[in-house]
Amino acid sequence: MPAQRGYRQACGIARGLDIVGERWSLLVVRELLLGPKRFTDLQQALPTASPNALSDRLRELAGAGVVRRRQLPPPGNVRVYELTTWGRGLEPIVVALGTWALAAPPTGEQRFVSADSAMLTIRTFFVPTQQRPEATLRIELRDHGPAGVFGVRLTPDGAEVAHEPPEEPDAVLVTTTDTLLGAFGGDDLAGLVAAGTVIIGDSEVVRLLVANVRIPASTNQYATPTSHLGGRAEGRQTLSEG
């Protein structure tokens, strides 16, 4: 946060907010939790942030040591932003904030869900099972284009999510963000397919994934159900990390 708008308090909470309390800052952190991104990737994930606002946040976060900019080696050869080791320490804070906010009813304007927000829901809330301790998936979220392609590895410890999909996954799931979020906590693959989802390979791996993303129930009796770390309401309580 610019010095002239800082809280000027020694409290650790105030000092933390001086660093990441400006608008868009924590959402930039959220978008970098799964790996580095180009400026244009961040623009796609944060479509209502102006280029100037996004540039300002990245500059401030870099100045504070939360984010760094680097050049990828060939063949990538592009500049990307990534979290520093210290910046990665914000992950449990971001996830806890998103989980806490599930108890708040979303507004009609809170509709957009970034691809990384949806996938962080998997990484945060997948509950391992001994039914099949390890499996891999390629997930393609059609509504996000190339930015919606991910690899998921289910392990005895949870779900690992990355932007790089496995070369030979056990299953491929091609769907939309809303359809995927609405499927969490259930095992109705027929409903998924009826909604336009394509499943290739071992369908039981897909069932294992969606059935075991168990989002905590809201603790706010006045809230409407929400469906992911981004705070989307859509009938069924799914985020019931966006």
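1. A good place to start is the open sheet: five strands with mixed pairing, in the order β5-β4-β3-β6-β7. Two strands count as paired if DSSP finds at least two bridges between them. Helices (H or I, at least four residues) and strands (E, at least two) are DSSP runs, numbered from the N terminus. At the edges sit β5 (158–162) and β7 (198–201), and each of these pairs on one side only. On average, neighbouring strands are turned by 20° against each other, direction ignored; axes here are lines fitted to C-alpha atoms, for helices over the stretch in contact, and angles run from 0 to 180 degrees between N-to-C directions.

2. Before going on, please keep in mind that this is a predicted model, in which local features need pLDDT of at least 70 and side-chain atom pairs count only at pLDDT 80 or more, while totals for chains, interfaces and linings use all residues. Residues are numbered from 1 along each chain as its sequence is written, and side-chain values use heavy atoms, with hydrogens and water left out.

3. Which strand pairs with β5, and in what sense? Strand β4 (residues 149–155) does, in the antiparallel sense and over five bridges. Within this pairing, Arg-153 has Glu-160 of β5 as its bridge partner.

4. Now look for helix α10 (residues 203–211). This helix lies across β3 (135–141), β4, β6 (171–175) and β7, and runs at about 80° to β3. Contact means heavy atoms within 4.5 Å.

5. Next comes the largest nonpolar core, with 53 residues; Met-119, Ile-122, Leu-137, Ile-139 and Val-152 have the most contacts inside it. Such a core is a set of buried Ala, Val, Leu, Ile, Met, Phe, Trp, Tyr and Cys residues joined through side-chain atoms within 4.5 Å. Helix α7 (residues 115–125) gives the most to this core, six residues. At least three core residues come from each of domain 1 (12–103) and domain 2 (115–212), with bounds taken from an automatic or database domain assignment.

6. Leu-137 is worth a closer look. Not counting residues up to four places away in sequence, its contacts include Phe-150, Val-152, Leu-154, Pro-166, Val-205 and Leu-209.

7. Some backbone features deserve a check. Most residues other than glycine have a negative phi, and most peptide bonds are trans. The bond from Pro-74 to Pro-75 is cis, with omega near 10°, and Pro-75 is in the loop between β1 (67–71) and β2 (79–83). Arg-8, in the segment before α1 (12–20), has a positive phi of about 60°. Trp-24, in the loop between α1 and α2 (25–32), has a positive phi of about 85°.

8. Are these two residues with positive phi, Arg-8 and Trp-24, buried or exposed? Arg-8 is exposed, at a relative accessible area of 71%, whereas Trp-24 is buried, at 12%. Buried means under 20% relative accessible area, exposed over 50%, and partly exposed in between (1.4 Å probe, protein chains only).

9. Finally, visit Thr-84, in the loop between β2 and α5 (85–88). Thr-84 counts as buried, with 12% relative accessibility. A polar atom of its side chain lies 2.6 Å from the backbone oxygen of Gly-65, and the side chain of Thr-84 also reaches the backbone nitrogen of Gly-87 at 3.0 Å. A polar contact is a pair of N or O atoms within 3.5 Å; within protein, one must be able to donate a hydrogen and the other to accept it, and residues adjacent in sequence count only if both atoms are side-chain atoms.
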